[in-house]
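Hi everyone, thanks for making time this morning. I'd like to walk you through how two chains meet in one model, so please have a look at the screen.

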Amino acid sequence: MDAQMKKGMLESCVLSMLLKGDSYGYLLIQQVSALMPISESTLYPVLRRLEAAGSLTVYSREHNGRLRKYYAITENGKQQIHAFLKEWETVNRVYAFIKDAAKEETHE
Amino acid sequence: MNKEAYLNELKNALRHLSLQEQQAALSFCEEMLADRMEAGMTEEEAVAAMESPALMAEKLALDIKQPPRDAQSNPAVNQTQTDAENPNQWQKMQLKCAAAQLNHIDLQAGNLPIKIQLSKDDQVTLTYFTRPRNVYEARQEGDTLLLREIRTENSRSFFNFFFNFDLGTLPRPEITLEVPADLMANLKAATKNGAIALSGPQMLMHVELSTTNGGLALQNTKCISLDAHTTNGGVAASLVECRTALSLRTTNGGVAVSDCHSQAALTLSTTNGGVTVTNCTARDEMRVSSTNGGLKVQGLDAGALHLRTSNSSISGTVQGPQSQWQIESFTTNGKNSLPAFQQGAKPFSAHTTNSPIRITFS
């Protein structure tokens, strides 16, 4: 898949996990991996970018004697999800068109 | 490979990055390893489950070369309008006032971050931004400098969503207020999705800073009173001095405060987050509290000291000798280095649950 598309998808994927509730690194990897395999070296830059864009905030909470970073979605993040969904309406329309055109081609 | 060796290799692989970036990436991976071990893996297994440090460093380097999403134009969204027509294009504005005439500054910023810093001259300069769909206006009314958003199209109506949508792909501008160090005025700054930074002024009067989604960063400031709060965001303060109440509050976020002093009360509180307080004093009451987060203190002194949290430890040092404090401490399921009760002159209480209290007196 095109790298830019995948990035956008991953970002929105992570954000929609956060819609269900705040999460932390390890848990996020497991949640996202259920959809598409992801490693920490992929997840980390995504989280970094989302924070820089103001789509999520980070806070620390003590867990078993150590500090754990939790991520929470922001209003900006929710808007980002809506934007992603809107973009993909176009993708779906184009896909349907191409699929249709290809079907006609093979039937000739 | 064991955990320490892995983290050292990672630190080496990241050496080209800024210290801040290195620290952040390291703590992310450290957490990942700790969580894996908590899930039942041995140290070796947890390290084996991680990717090579070289790969992490490579992906981070790629990402840093490409600036964060914020500053990049998303090709999927066509901006067919010219800049002049583009309702999303910010226009920079500036308003200058003489400092001597100002007694009040009142900024309400909507979704933009606010930065307050020292000016290079003796004027007050407000640099802000406006655009057709978020019209900001700054004006001086008598002795008050005001910034208001007088028109916003961030409403959620169907029309606005689909036709005026702003992905935030354009860089978000920052409102900057530059003041002379000796400006004597009340300052009120509020924003929703944005951080607030304050640094420099020494003679402010009553300062109130509030944001919803964004951090607070305060340093090297003196004022009469300070009340700064955020909901989702951390609070960092150093070298802040108040003649009366100093209060820093957040809900989801940590609080890190050092070398701050109040000649009255000092209040630091968070709900979901730890608090780290170093070398802070208050003449009257100092109250440090969290609901789900550890309290780490160092060198605290006050007329009365109260430390409160639950399910997390309270640890660190308090200005001694121990005998000057009237101590009342309480925890469940945890070691407590303090006596439950001790007579003394200055009240000091430390309460938590399910965690140790490790306070010593220096």
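Before I count anything, let me fix a term: I'll say salt bridge when a side-chain nitrogen of Lys or Arg sits within 4 Å of a carboxyl oxygen of Asp or Glu. Please also keep in mind that this is a predicted model.

So, how many salt bridges are there between chain B and chain A? The count is 5. Over all chains, the same rule gives 13 salt bridges.

Let me show you two of the pairs. R66(A) forms a salt bridge with E38(B), and their closest N and O atoms are 2.9 Å apart. R66(A) belongs to strand β3 of chain A, residues 66-73, while E38(B) belongs to helix α2 of chain B, so this pair joins two chains. The other pair is R36(B) with E40(A), where the closest N and O atoms are 3.5 Å apart. As a reminder, side chains of opposite charge can pair when their charged atoms come close.

Now let's step back to the whole interface. On the chain B side, 49 residues are in contact with 39 residues of chain A. Together the two chains bury about 4000 Å², and 51% of that is on carbon and sulfur atoms.

Next, the helices. Two packed helices are described by the angle between their axes and the distance between the axes. Across the interface, take helix α3 of chain A, residues 40-52, and helix α2 of chain B, residues 19-38: their axes come within 11 Å and cross at roughly 130°. That makes α3(A) oblique to α2(B), and the crossing is right-handed.

Which residues meet there? From α3(A) we have E40(A), L43(A), Y44(A), L47(A) and R48(A), and facing them from α2(B) are E21(B), A24(B), A25(B), F28(B), M32(B) and R36(B). Sorted by type, the residues of this contact are 7 nonpolar, no polar and 4 charged. You'll recognise E40(A) and R36(B) from the salt bridge a moment ago.

Finally, α3(A) also has a partner within its own chain: helix α1 of chain A, residues 3-19, packs with α3(A) at an angle of about 75°, with the axes 10 Å apart. The two are therefore roughly perpendicular to each other. On α1(A) the contact uses K7(A), L10(A), E11(A), V14(A) and L15(A), and on α3(A) it uses T42(A), L43(A), V46(A), L47(A), R49(A) and L50(A). Here the split is 7 nonpolar, 1 polar and 3 charged.

That's my tour, thanks for listening!

Key
Residues are numbered from 1 along each chain as its sequence is written. Chains are lettered from A and ligands numbered from 1 in the order in which they are written. This is a predicted model: local features need pLDDT of at least 70, side-chain atom pairs count only at pLDDT 80 or more; totals for chains, interfaces and linings use all residues. Side-chain values use heavy atoms; hydrogens and water are left out. Axes are lines fitted to C-alpha atoms, for helices over the stretch in contact, and angles run from 0 to 180 degrees between N-to-C directions. Helices (H or I, at least four residues) and strands (E, at least two) are DSSP runs, numbered from the N terminus. Angles under 35 degrees count as roughly parallel, over 145 as roughly antiparallel, 65 to 115 as roughly perpendicular and the rest as oblique. A crossing is left-handed if the near helix is turned anticlockwise from the far one by less than a right angle, and right-handed if clockwise. Contact means heavy atoms within 4.5 Å. Ala, Val, Leu, Ile, Met, Phe, Trp, Tyr, Cys and Pro count as nonpolar, Asp, Glu, Lys and Arg as charged, and the others, Gly among them, as polar. Buried area is the accessible area (1.4 Å probe) that two parts lose on being put together, summed over both.
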